[in-house]
Every structure is written in C-alpha cells, then in structure tokens.
Amino acid sequence: MTDGSLEQRVDILEQEVHAIHGHLDTLVKQLQTTQPPQRSNNNKKETASTPVISSDQLWSWVGKSSILPRIATICFIMVFALILRTLTDNNIIGLQLGSFVGIGYAAILVGWGAKLLAQQSRLATVFLVCGLLLMYSVTLESYVRFVSISAQSVYLILFILLLVTCFVGIRFKHASLNAVSIFSACLVASVIDFPTPCFVSLIYLLLVGNVLAFMSAKKLGRGEFSRLAIFLLTISVWVLWTCRLQVALSKGLENSLYLSAPWFFPSIFLFMAIFMAMSAYMAWKRQSSVFDLILPTFNVLWGYLLALAVVKDAGYPQVLLGCAGLLFALIHLVFATYLFRQNEKMASVSFTVAGLIVFMLASPLALGNILPALLLWSILAFVLGRFAQSVQAGNFRVLSYLLQVSACLTGLISGDFLPSASQPFLTLTVTGIIAGLSGWQFLWCRRKQGSDVVELQEGRQGGDRSAVLLLATSLISGFFTLHLLAFQIVGIFSADPVNTLKGVQSVIINTGAIFLLFMAMPSRNKEILWIAVVVIIIGAFKVFGYDLFKTSGIPLVLSVLSFGAVAAVGSVLLSRWSRTG
C-alpha cells in the first residue's frame with residue numbers, strides 16, 4: 001500500500017512539473033511576440049538625446065575659455081591702481097605726482113592693449129577698456145577733486161586719447177571701440193566745469209570727436225548711431241554757450257574768460273562748414289547714410305538760428321550775417337544741382353532743403369526788410385518749379401510749392417500783409433506778385449502734369465494733388481491785395497471806414513467764389529469746383545455769422561447781395577454742369 005501510494009504521488013508531481021513547463025513556454029512566446037510600450041521607447045530616445053555634461057567637461061570648458069584669465073587680468077590691473085590710490089590718499093606721494101603716475105599707468109594699459117590687439121589676443125579688449133576707464137576717472141578726479149592738473153591739461157589728454165583710440169580702432173577694424181571711446185571722451189570733456197566750461201576748448205574737442213567719428217564710419221562702414229549721439233552732444237554744448245553768451249551780452253559781461261565771445265561767430269561758421277563738407281563728401285562718394293541725408297538741414301538750422309540769437313546783442317551788423325547766410329544757401333543749391341546731375345536724387349533733395357531754409361532765414365537780414373525777401377521766396381519757388389518740370393523731378397516740384405506757401409504764411413504771421421502794415425504800397429506790390437506767380441504756377445502745373453511723390457522706386461508716379469496749395473496761396477494773397485487796396489480807398493472816401501471795410505471783405509470773398517465757379521466750368525475742373533465750394537462756405541459764415549451782427553447800412557446790403565449773387569451764379573452754372581455731364 002505504501003509503495004503504491006508513493007508511486008502515485010511521484011506521477012502526480014511529474015504531471016504538475018510538465019504543466020508548469022508548458023505555461024512557462026507559453027509566457028516566453030508571448031513576451032517575444034509582444035512589442036514594448038511606446039512610452040518606454042520615447043523615454044529611451046529622450047534619455048539618449050539629452051546631452052549629459054560631466055563635471056570634467058565643465059571644468060575643461062572653463063579652463064579653455066577666457067573668463068578666468070580676463071577676471072584675473074582685471075584684478076591685477078585694479079591692484080596696482082588701488083595701491084597708487086592708497087599711496088596718494090596717505091600723502092606718501094604728492095597729489096600731482098600721483099595724478100601723473102595714474103595717467104601714465106592708464107596710458108601704458110591702452111598701449112599694451114593696442115599691442116595685444118595687433119596680436120589678436122583675447123585680453124586686448126580688457127586692457128583697452130580698463131585703460132580708458134582709468135584714464136577718464138584719474139583725469140576727472142585729479143581736476144575736480146584734487147585740482148592737481150589744469151582744465152587745459154585735461155582737454156589735451158582727452159584730445160591725445162581720442163587720436164590714439166581712433167587710430168587703433170581704424171587700424172584693427174574695431175568699430176565698437178571707436179564708438180565707445182569717442183563718445184566717452186566727448187562726454188567726459190562736457191562734464192568738466194559744467195555748466196561754465198571753457199567753451200572754446202570744449203567745442204573744438206567736440207569738433208575733433210565729430211571728425212574722428214566721421215572717419216571711423218567712413219572707413220569701417222558702421223558708427224552712424226555714435227555720430228548722431230556726438231552731434232547731439234555738440235549741439236547741446238552750443239546751445240548752452242549761446243544762452244550763456246546772450247545773457248552775458250545783455251548784462252555787459254561779455255569779457256568773461258570762459259565765454260570767449262570773440263570766438264563765437266568764427267567757430268560757429270567753421271562748424272557749419274565742416275559738417276556741410278562731411279555730408280557733401282559722403283554724397284559725392286555715393287555712400288550717404290540716413291544721418292548724412294538729414295545732417296545738412298539740421299546743420300543750417302542750429303548754426304544759423306544760434307548765430308541769429310546772438311548777433312544783435314553782440315553789436316554786429318545783421319546784414320553781414322544775412323550775406324553770409326545767402327552765401328551758404330548758394331553753395332548748398334549749387335552742390336545740389338551737381339548731385340542731381342550725378343543722379344544722386346536723395347542727397348540732392350537734402351542739400352536743396354538745407355539751401356532753401358538758410359535762404360529763407362538769411363534773406364530778410366541781408367535785405368533789411370521782410371517784404372522784399374518774401375518776394376524773392378516767391379520768385380525762387382517759381383524758378384524751382386520750372387526747373388523741376390524740365391528735369392521731371394516731382395520732389396523739387398513739392399519743394400517749390402512749399403516755398404510759395406511759406407512766403408504767404410510768413411507774411412500773414414508777421415502781420416506785414418495786414419492793412420495796418422507800415423509800408424502799404426510795398427505790401428500791395430508784394431502780395432499782388434505772390435498771388436500772380438502762385439496762380440500762374442498752378443495753371444502751368446495743371447497743363448504740365450507731374451508727380452508729387454518722391455520717386456523712391458523707379459517708375460512710381462502719383463498725381464500732382466499738392467499743386468492745389470498754389471491755388472490756395474494765390475487766393476489768399478489775392479484777397480489781401482484787394483483788401484489792402486480797398487483799405488486805402490475806403491480810408492479816403494468813407495466816413496465810417498471800419499464798417500465799410502467789413503462789407504468789402506465779404507464782397508471780395510464772394511466775388512472770388514464766382515470767379516472760381518466760372519474758372520471751373522469750361523474744363524469741368526472738379527478740383528477748382530471744390531475750392532469754390534470752400535470759399536462759398538467761408539463767405540456764408542462771414543455774411544450770416546458776422547456781418548449780420550457787426551455791420552450795418554450799405555456795407556451790410558452789399559455783403560448780403562454779393563452772397564445772393566454767388567448763389568444765383570452757382571445755381572445756373574451747376575445746372576449747366578449737370579446737363580452737359
């Protein structure tokens with residue numbers, strides 16, 4: 001029994017083992033045929049694509065880079081500078097000796113940086129920047145705090161530093177070094193003795209800075225922003241000098257040494273000539289940047305306006321300033337003509353604008369009277385318009401329109417076109433000629449259609465819509481011509497000239513509207529028709545908004561009658577217009 005039961009148990013165990021083997025084989029097959037989950041694959045890819053930087057690689061990169069050598073160089077440079085400062089503060093060496101040693105140390109750093117720059121060393125910039133910063137700080141502190149060197153010595157040091165750094169930057173094509181060093185030197189010079197510096201030394205140092213910035217931009221092709229910054233700084237100093245000098249001249253203190261009054265006018269014209277030469281050179285070389293295009297206009301504006309602010313108090317004849325301005329205007333316009341013939345259109349427009357501006361500023365001074373100057377403006381505008389048509393230049397046409405409008409507006413703003421003007425017959429002549437030239441130019445422009453768009457792209461043309469400014473100028477000038485003529489007649493024959501003149505004004509306006517309606521009808525000119533509508537609206541406001549309350553008697557009757565005539569004529573002409581349309 002025992003043996004049989006034992007054998008049965010062994011058989012059962014064997015069957016169970018076989019069954020377990022079968023289950024294991026099935027599980028192995030399933031594992032081989034089943035793909036691993038996508039997530040685990042992505043994780044493996046992400047793990048494989050993520051770079052792992054070991055600590056050894058990190059320290060190797062730090063060792064090969066220039067971070068630590070630059071930090072070490074800066075520390076060693078600072079150590080010597082701090083030792084020198086400590087010796088000076090403890091009176092171990094004198095203030096003047098310490099200042100010169102510090103300046104010499106900074107100069108050595110700049111020279112060594114230039115040498116390393118020639119060797120293309122990574123530490124060259126460190127030595128140059130530290131040397132420049134140390135030079136600026138030592139010179140400023142030596143003059144402002146210790147008074148161990150004079151202001152002229154500081155200007156001389158900065159002047160030499162400007163030349164050296166500019167030469168190094170151009171020699172090794174380092175535009176950023178030039179931009180920073182030139183502007184920094186000019187800024188440091190402007191801080192000295194502010195707001196009462198030695199203006200002559202300061203402005204000529206700034207002039208050198210502007211010239212060096214120009215040379216750097218020309219050689220390296222960059223640096224326009226630094227040129228603009230230095231130019232604005234220069235203008236700020238000039239404005240400060242002008243204000244100080246104007247106040248001193250009004251109080252009789254022009255002999256102050258720092259003001260240097262005799263140097264003002266020669267210096268300002270020298271600056272204007274040099275800035276003009278810079279922009280002219282770039283235009284001649286066909287390398288004009290945006291700054292070079294705007295420089296001529298800003299140059300004549302700041303220079304001539306500042307000279308104009310001082311000339312009267314300085315006791316100089318204004319005629320001389322006017323003649324000098326006319327000479328500048330002639331030079332600008334002649335050079336603009338040359339540039340146009342060389343197909344430098346944008347630079348030509350730039351110099352034309354500058355020439356016209358200085359002509360407008362100088363002509364009243366040169367002639368001693370604004371009325372003949374306004375007449376010259378109008379004649380020049382007409383000539384410029386004819387020139388623009390002959391060469392098919394739309395930008396010059398627009399300039400001629402603006403100059404014609406400026407002549408009219410200046411006469412209105414100055415009060416010289418009003419009946420109360422001190423020279424009625426001259427005013428009558430000037431307004432009449434301006435009205436005639438503006439109207440003639442408008443009609444001529446309409447017969448010779450052109451473009452009022454500056455041709456930035458070849459073949460791009462636009463309608464000459466801006467010529468309507470000429471018609472408006474002609475109408476306004478013609479109104480004041482008739483108004484002044486009526487004032488002279490009414491003053492003789494009328495017992496109540498003020499009341500009569502109010503009615504005459506409305507008659508002139510309404511008569512002008514009728515004239516425009518007849519002018520628009522033959523050619524069915526909608527442009528002139530709309531101008532006539534505007535004039536009719538003005539006449540309506542004048543008659544019913546002003547004359548009814550401020551005028552009486554016959555002048556009021558004539559005023560209302562004239563507007564009725566406008567309405568009747570307009571009704572007849574517009575009905576014909578609609579029938580023929």
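This note reviews the helices, cores, aromatic pairs, cavities and pockets of a predicted model.

1. Overall content. The chain comprises 21 helices and 0 strands. Of its 581 residues, 42% count as buried. Among contacts in the chain with a separation of 6 or more, 71% are accounted for by residues 24 or more positions apart.

2. Nonpolar cores. The largest nonpolar core contains 113 residues, and W238, W241 and W302 have the most contacts inside it. Apart from this core lies another, of 22 residues, which includes Y401, L470, L517 and V535.

3. Surroundings of W238. With neighbours within four places in sequence left aside, W238 is in contact with I203, F264, S267, I268, F271, W302 and L306. The relative accessibility of W238 is 0%, so this residue counts as buried. W302 has a relative accessibility of 8% and therefore also counts as buried, given that the cut-off is under 20%.

4. Aromatic pairs. The whole structure yields 26 aromatic pairs. One of them, F231 with F275, is edge-to-face, with 5.2 Å centre to centre and 85° between the planes. This pair links distant parts of the chain: F231 belongs to helix α10 (residues 224-250) and F275 to helix α11 (residues 264-284), 44 residues apart. Both F231 and F275 are buried. The ring centres of W238 and W302 are 5.7 Å apart and the planes stand at 45°, so that pair is tilted. Here, too, distant parts of the chain are linked, with W238 in helix α10 and W302 in helix α12 (residues 290-314), 64 residues apart.

5. Largest cavity. The structure holds 2 cavities of 30 Å³ or more. About 50 Å³ of space lies in the largest cavity, whose lining consists of N210, A213, R227, F231, F275, M278, F291 and L295. The edge-to-face partners F231 and F275 are thus among the lining residues. At least two lining residues come from each of α9 (199-220), α10, α11 and α12. By class, the lining divides into 6 nonpolar, 1 polar and 1 charged.

6. Second largest cavity. The volume of the second largest cavity is about 40 Å³. It is lined by A175, N178, A179, I182, A213, S216, A217, R222, G223 and S226. The elements giving two or more residues to this lining are α8 (175-191) and α9, and α8 gives the most, with 4 residues. The lining divides into 5 nonpolar, 4 polar and 1 charged. A213 appears in this lining and in that of the largest cavity.

7. Largest pocket. The largest pocket has a volume of about 600 Å³. It is lined by 23 residues, of which L475, I476, F479, G512 and V535 are the closest to its centre. Two or more lining residues come from each of α17 (424-447), α18 (468-493), α19 (497-520) and α20 (526-550). The largest share, 9 residues, is from α18. The lining has 18 nonpolar, 5 polar and no charged residues. V535 lines this pocket and also belongs to the core of 22 residues.

8. Second largest pocket. A volume of about 270 Å³ is found for the second largest pocket. Of the 16 residues lining it, A81, L84, R85, V138 and E141 lie nearest its centre. The elements that contribute two or more residues are α4 (67-89), α5 (95-118) and α6 (124-144). Its lining has 8 nonpolar, 6 polar and 2 charged residues, whereas the lining of the largest pocket has no charged residues.

Conventions:
Residues numbered from 1 in each chain as written. Predicted model: local features only at pLDDT ≥ 70, side-chain atom pairs only at ≥ 80, totals over all residues. Heavy atoms only, no water. 1 Å grid on protein atoms, 1.4 Å probe; cavity = no way out; pocket = protein on both sides within 12 Å on 5 of 7 lines; lining within 4 Å. Points joined across faces, edges and corners; volume = space filled by probe spheres on them. Nonpolar A, V, L, I, M, F, W, Y, C, P; charged D, E, K, R; others polar. Core = buried A, V, L, I, M, F, W, Y, C linked by side-chain atoms within 4.5 Å. Buried < 20%, exposed > 50% of the residue type's maximum accessible area, 1.4 Å probe, protein only. Contact = heavy atoms within 4.5 Å. Phe/Tyr/Trp six-rings, centres within 6.5 Å; stacked < 30°, edge-to-face > 60°.
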